[in-house]
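Colleague: Could you give me a close look at the aromatic rings in this one and how they are packed? I'd like the cut-offs as you go.

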Amino acid sequence: LGVAVGVLGRLLRLRLRGVRRRPSAAVDTPAGLARLDVATAASASLGMLDPPRAFYFHLGALELALRSRDSFRLLRVLLMEQVLRAVSRAARPPTRGDEEVERLIRTVHAELAPGDPWLTALDGSFAFALGLRHLFRGEPAAACAELARAEARLQDSPLQLGNVLGMTRAWLATVLWIVGAWRRLREHVTRGLSDAHLRGDRFGALQLRQWDMIFALFADRADDAAAAHERWVADVPRSARVGDLTARPTLALYRGAGVGDEARRLLDAAWTVEYAILARLSLLMGAATYFARGGACLAAAAVADAPARLLRRVEREARTLARLRTPYAAPFAVALRAGAAAGAGARGRAEALLVEAEAGFVRLGMAMHVAAVRRRRGELVGGAAGAELVADADRVVAAEGVRSPERMLGTVLPGRWQKI
């Protein structure tokens with residue numbers, strides 16, 4: 001609660017004052033700059049572990065940076081502000097505040113001398129910011145390219161800007177998952193973990209170790225996946241386990257091949273006010289979370305004696321998704337509606353919605369979601385044509401190193417679709 005009140009207070013001051021420089025000699029002292037550096041580092045370190053506190057520290061860093069004459073420190077914080085605005089606004093038109101940030105970034109960047117080593121180091125941060133903007137605007141392929149460029153620049157730079165390298169690697173892993181480049185994801189995480197250990201970067205290693213559970217599932221080792229997740233949980237502070245919300249439900253869905261009530265119960269038990277706020281602040285997280293909640297209800301409905309209540313909840317989650325103004329939400333919502341239609345016996349409507357969802361995932365370049373939807377459509381169609389769709393989806397997933405495509409795709413789009 002204290003963090004939420006602090007965030008609201010700082011947001012209000014920022015709204016009233018605007019994103020403008022207000023130089024103060026009190027900030028450009030050793031103690032003042034140290035406070036700014038600590039706030040910036042805390043924001044970067046907590047960014048993917050404890051977003052509310054990360055945002056609180058970021059707003060504090062922004063207040064201090066706008067009062068400093070240090071162009072490098074200000075530009076570093078402004079780049080993070082640009083990223084956070086992209087996270088919350090996705091593809092919506094820019095606001096006046098967004099335009100203020102863009103103008104100030106250009107102005108401050110022009111103040112740094114060409115060849116300045118700090119400017120060289122910031123180039124990787126620019127690529128990181130641009131990559132996240134692409135991601136949240138529904139352009140994951142472009143995001144992948146920019147984040148890979150950011151990683152290369154940052155790891156080769158003699159100057160390391162806080163934990164931007166660790167954050168870049170973590171976000172690149174997320175994007176590789178989204179686009180379905182799962183073999184490349186494993187190579188990226190393995191390489192990143194090795195480098196993080198060499199650098200003594202515990203933050204970067206913790207971020208990447210979250211994927212150990214998924215890699216064990218790729219190998220069809222559910223018990224090893226559970227053990228890997230528990231090891232990660234043991235090393236991460238309780239308040240920082242954002243990645244814990246869907247991990248256990250995913251494992252439950254895998255064990256049940258997309259069918260069963262355990263995932264829904266786990267998600268309901270883990271859902272808190274904090275997660276609800278995060279789902280609204282980060283539209284990408286919100287889209288993924290509400291899709292997971294709806295999918296868990298589809299899995300539960302498949303084994304329920306009276307599934308109507310669960311199917312109504314699936315429709316509610318789909319409506320919530322449809323209200324999120326992010327490109328990812330639309331195909332997620334349509335896929336859930338297809339599941340609800342299938343559960344209600346409306347086979348024709350379910351097939352039509354799956355075709356619509358598939359087209360949306362194709363536009364976004366989300367290969368594994370395309371495969372999941374195609375497999376479900378094959379199960380609905382049945383016969384030789386349906387078997388061909390199922391086999392095609394399974395080939396795509398198996399090519400990415402997954403030993404049990406049926407179970408893995410059951411975590412992406414759950415439910416029992418072939419029994420209408």
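Modeller: Here comes the background, then the rings, then the parts around them. This is a predicted model, so local features need pLDDT of at least 70 and side-chain atom pairs count only at pLDDT 80 or more, while totals for chains, interfaces and linings use all residues. Residues are numbered from 1 along each chain as its sequence is written, and side-chain values use heavy atoms, with hydrogens and water left out.

The chain's secondary structure comes to 22 helices and zero strands; these are DSSP runs numbered from the N terminus, H or I with at least four residues for helices and E with at least two for strands. Of the 420 residues, 55% count as buried, meaning under 20% relative accessible area with a 1.4 Å probe and protein chains only; exposed is over 50%, and partly exposed is in between.

Now the rings. There are ten aromatic pairs in the structure. The rings of Phe, Tyr and Trp (its six-membered ring) pair if their centres lie within 6.5 Å, and planes under 30 degrees apart count as stacked, over 60 as edge-to-face and the rest as tilted. Trp 177 and Trp 182 make a stacked pair, at 4.6 Å centre to centre and 10 degrees between the planes. Trp 182 is buried, at 1% relative accessibility. Phe 215 and Phe 218 pair up too, but tilted: 5.9 Å between centres and 50 degrees between planes. Why are those two about one helical turn apart? Because Phe 215 and Phe 218 are three residues apart in helix 11 (residues 212-218). Both Phe 215 and Phe 218 are buried. Put together, ring pairs link Trp 177, Trp 182, Trp 211, Phe 215 and Phe 218 into a cluster.

Elsewhere, a ring has a charge for company: the charged end of Arg 293 sits over the ring of Trp 271, 4.4 Å from its centre. The test there is NZ of Lys or CZ of Arg within 6 Å of the ring centre and within 35 degrees of the ring normal.

On to the core. In soluble globular proteins, nonpolar side chains tend to be buried together. The largest nonpolar core here has 120 residues, and Phe 128, Leu 135 and Leu 321 have the most contacts inside it. Helix 8 (residues 164-179) supplies the largest share of this core, eleven residues. A second, separate core has nine residues, including Ala 263, Tyr 275, Met 285 and Ala 296. A core, by the way, is a set of buried Ala, Val, Leu, Ile, Met, Phe, Trp, Tyr and Cys residues joined through side-chain atoms within 4.5 Å.

Contact means heavy atoms within 4.5 Å. Setting aside residues up to four places away in sequence, Leu 135 touches Pro 140, Ala 143, Trp 171, Val 175, Ile 178, Leu 284 and Tyr 328. Phe 128 turns up again beside Ala 150, whose contacts beyond four places in sequence are Gly 124, Ala 127, Phe 128 and Thr 168. Ala 150 belongs to helix 7 (residues 140-156) and is buried, with a relative accessible area of 0%.

Last, helix 12 (residues 222-235). Ala 222, Ala 225, Ala 228, His 229, Trp 232 and Val 233 are buried there. They cover an arc of only 140 degrees around the axis, so they sit on the same side of helix 12; the arc is that of the directions from the helix axis to the C-beta atoms. Asp 223 and Ala 234 are exposed on the other side of helix 12.
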